[in-house]
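Subject: the two-chain model

Hi,

Here is the structure I said I would pass on. Have a look at it first, and my notes follow underneath.

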Amino acid sequence: MSAPIVEVTDLHVAFGPVRAVRGVSLAVRPGECVALVGESGSGKSVTARTLIGLTGDGAEVRAASLAIEGEDATRFGERRWRTIRGTGIGYVLQDALVSLDPLRPVGKEIAETLRLHRAVPRGTVAERVVALLREVGVPEPEVRAAQYPHELSGGLRQRALIASAIACGPRLLIADEPTTALDVTVQAQILRLLAERKRAGTAVLLISHDLAVVAELADRVLVMKEGEVVEEGPVAGVLRAPAHPYTRALLDAIPAEHAKGTRLSRTAAGNGAARPESTAGGVDGASESPPRVPPGVTPGRAHAGSGTGASALPGEVVIRARDLAKAFGGRPAVAGVSFELRAGETLGVVGESGSGKTTTARLVLGLLEPDAGEVEIDGRPWRGLGAAERRELRRHIQVVYQDPLSSFDPRFTVRRVLDEALAVGGEPRAARRDRAVELLEQVGLDAGFLERRPRHLSGGQRQRVAVARALAPRPRVIVCDEPVSALDVSIQAQVLDLLADLQASLGVAYLFISHHLGVIHHVSDRVLVMKDGRIVESGDVRRVFTAPQDPYTKELLAAVPRLEHAHGSSPHSADDRASDHRAPDHRAPARAHDRAYEQEPSR
Amino acid sequence: MTARRTVAGRIAARLGTSLLVLWGAVTVAFAALHLTPGDVADVLIGDSTVTPEVRAQIVREYGLDRPVPVQYLTYLGRVLHGDLGRSYQLHESVGEAIGSQIGPSIQLALTAFALAATVSVTVATLTAKRRRWVRGLFSGLELVGVSVPSFWAGILLLTLFSFTLGLFPVTGGLALPAVALAVPVIAVLTQVLREGLEIALDEPFVLTARSRGMGDLAVRVRHALRHALLPTVTLAGWLVGVLFGGAVIVEQVFSRPGIGRLTLAAVAGKDLPVVMGVVLVSAALYVVVNILLDVLYVVIDPRLRSAS
């Protein structure tokens, strides 16, 4: 059994009165991947940064022991830490567009690590940079080394970032959300790259909010909540048979695993869709006030197709898009896109960045004029409408964006946000206050939120207000453009449940755009798969996800990280898929140790 | 390929607007000449006395006996040929008058700028994200620096270093005037730079650089500083104004030759040709500096090279 590269016991980190990390113990051994999983604010990144002595300004760090390569790191001075960083421990952050200096070529960033530690003779630095880029799978490394982060694709950037972290051959690589900003196929490539490093004997500490990503790569997992480790163990065990209610809530909240109609969040749901084995507590208490179930259909609502059976009935067509085409600067962003959306239905649009999803949304919303083709909302085309008619038509189609904060005027209170939307919707002034309260109640908030400003709302609450605003003019359809992509998985679950409830009670149709296949799978009735501005496959969501026809759809679905891939629980682990020549007994000693490790509780 | 075209396009657009600025300055100068009460020829002559022949020559040269639009075009044509007219008080052409005085002014402005850049970069780099009292102390000093008028700073410097300590000459030196001129620039630049540095130091790429084993000072100088420079480039227009506007006063206080003194004397003596010449030269300078800064932007930030 090899000695751990890093081992910390009873770590406490506080920023003033905020106790970010409370009694965390962990060890990472060569060739092993340990994952720290949790939602934002759980203390996972703070823990990781403490291991390289970069906890941050004003942090108070305390630990029973902190050993790096057997040395007592609590006594390290700044000089020693600087040697450890880069040579002993490499650190990879998410989104290389901002994690690499945007003003310098990527090759210089990699060379910086080499120069700082005098890893190779000065004259051979450039050569080594190219070799490193080649090692992490960057094609044409000589060309790429001279390019800036914004000139590279997300995947190449992330590879360059990893190259700069491993330039001096650290024995431990800390990867903090290394794939969070990436498209799913690129994510799979980066995970494969990290798996290769692991096989080569590098220890990997993986920080992630995504249990499925963890399942692909990790051997052991520690689940963190509010600064504490609530559960830990071999990844297959934790994911298959979670012992702690929080872990169970996290797993339940993953949309990929549940078909449309099942609830993701653990709320006291009245719609009868809550899973019977749900236990109270868990995710909801964390940062969000538990949302109340929206009240049922308000009597006298004039929605066509409203009522409980809305999605079962073949509703009338609310959006008809025909042969849409739009090019920017001669480069087609959308080409030949046609679809129909019916009342009370959800049409998912999935694709990677640059696939034309958002351009399609803007064409549908009448915010962009198509070069060819036509969009009809409720049977009326955008084309040829005057400003007043456009405003009128716009009441029927509303939108919810990924980041509601940037779509709210920061000085507006929630009341003003809703009042404005109601005024646009033609609501008489006298009725607006009552309607605003009613809207808030529909999205699970109450009148107490009326005087709040966007900045003083949590991410989930903001997105609820955005949904309320979209509902204000009683639209037939809401375009949801990545509405849950910025949210933690438990909050995402609540918002997705809310959207489902609203559809059931109001009969509103959704054009739901996301890069996240699990989310699309969960919310959609039908789905469009887009690539390079075209629809490559479309149809019933179950059919597309279970029996994809198009090779690109197949590739996308194959790239999705899955919980079943957790080591030991399935023969199709990431390792197996990435490479066939894995030493068969590679993980055996680590496993044996895992059991020993589990017997001594860390808290 | 496209990137190069966008850069070229931007430069072309820049040159176009620059020409507009210059044209505006010429027009304003022409309008000032005609809106000043009194006969245009008298206005041009100002407080000096000239022979009737010279007066007739002025009328002929400026086309004063012809309609105003023609006069305007004549004036525009002369400026285009680099002829800024003649000062009847200095008995030399405006071009020569400015030419002989601009050297010391540029020397003063550049020295002040170099001093300001050095001090503010150093101070900002050393104090960004430091303890509260360090920042508080320097912010206080900067506030004083912004508030102190240049002439007062100049008099204080003279009193202390020249009259009391005798370290610097009372007139003609470069060091003290440059310091007096640099004080408000240092104060503002330091604040802007520090703010830029503090924003940059919170960026993920700084954490990445530190995680490679880079020391604090190196991170500040090699990574954060370049990001902090970007917002200061926007201040260039203000900077040119402060350096040349401040020179008017500082040159007077320190009895230095220069554009400032020339302008002051011209305004006091109602020497309108010189005043108009200074306006045009200032506008040209402003335009040149702005074009240079546009190029500087692109040098500092590679993202602008390809951005549309």
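Let me start with chain B, where the domain assignment gives domain 1 (2–89) and domain 2 (98–268). The C-alpha centres of these two domains of chain B are 34 Å apart. Keep in mind that this is a predicted model, with ipTM 0.78 and pTM 0.78.

On confidence, chain B has a mean pLDDT of 85, with 96% of its residues at 70 or more. Within chain B the low point is helix α14 (residues 303–306), with a mean of 76, and the high point is helix α9 (residues 204–211), at 94. Chain A averages 83, and 85% of its residues score at least 70. Residues 268–312 of chain A have pLDDT below 50, although the model gives this stretch 86 contacts beyond near neighbours in sequence. Residues 569–603 of chain A also stay under 50, and there the model has 36 contacts beyond four places in sequence. Where pLDDT is low, the predicted coordinates should not be read in detail, so I would leave the fine points of such stretches alone.

One residue in chain B that I followed up is Ile249(B), which sits in helix α11 (residues 236–253) of chain B. Is Ile249(B) buried or exposed? Neither, quite: Ile249(B) counts as partly exposed because it has 19 other C-beta atoms within 10 Å, and a buried residue needs 20 or more. Leaving out neighbours within four places in sequence, Ile249(B) is in contact with Ser150(B) and Phe151(B). Pro149(B) is 100 residues away from Ile249(B) along the chain, yet their C-alpha atoms are separated by 9.7 Å.

Now the interface. The contact between the chains takes 23 residues from chain A and 19 residues from chain B. On the chain A side, the elements that give two or more residues are α2 (78–88), α3 (96–99) and α4 (106–116). The largest share there is that of α2(A), with 5 residues. By class, this side of chain A has 10 nonpolar, 8 polar and 5 charged residues.

Chain A also has an open sheet that is worth tracing on screen. Its 6 strands come in the order β7-β8-β9-β3-β10-β11 (chain A), and the pairing is mixed. At the edges are β7 (89–92) and β11 (228–234) of chain A, each pairing on one side only. Neighbouring strands in this sheet are turned against each other by 15 degrees on average, ignoring direction. Inside the sheet, β8 (residues 172–176) and β9 (residues 203–208) of chain A run parallel and are joined by 5 bridges. There Leu172(A) has Ala203(A) in β9(A) as its bridge partner. Helix α7 (residues 154–166) of chain A packs on the sheet and touches β7 and β8 of chain A, with its direction at about 160 degrees to that of β7(A).

Last, the hairpin in chain A. Strands β1 (residues 6–15) and β2 (residues 18–28) of chain A pair in the antiparallel sense over 8 bridges, and Val8(A) stands opposite Leu26(A) in β2(A). Which residue takes a positive phi in the hairpin of β1(A) and β2(A)? That is Gly16(A), with a phi near 60 degrees, and there are 2 residues between the strands.

Cheers

Key: Residues are numbered from 1 along each chain as its sequence is written. Chains are lettered from A and ligands numbered from 1 in the order in which they are written. This is a predicted model: local features need pLDDT of at least 70, side-chain atom pairs count only at pLDDT 80 or more; totals for chains, interfaces and linings use all residues. Two residues are in contact if their C-beta atoms, placed from the backbone, lie within 7 Å. Helices (H or I, at least four residues) and strands (E, at least two) are DSSP runs, numbered from the N terminus. Ala, Val, Leu, Ile, Met, Phe, Trp, Tyr, Cys and Pro count as nonpolar, Asp, Glu, Lys and Arg as charged, and the others, Gly among them, as polar. Two strands pair if DSSP finds at least two bridges between them. pLDDT is the predictor's confidence in each residue, from 0 to 100. Domain bounds come from an automatic or database domain assignment. A residue is buried if 20 or more other C-beta atoms lie within 10 Å of its own, exposed if 12 or fewer, and partly exposed in between; C-beta atoms are placed from the backbone. Axes are lines fitted to C-alpha atoms, for helices over the stretch in contact, and angles run from 0 to 180 degrees between N-to-C directions.
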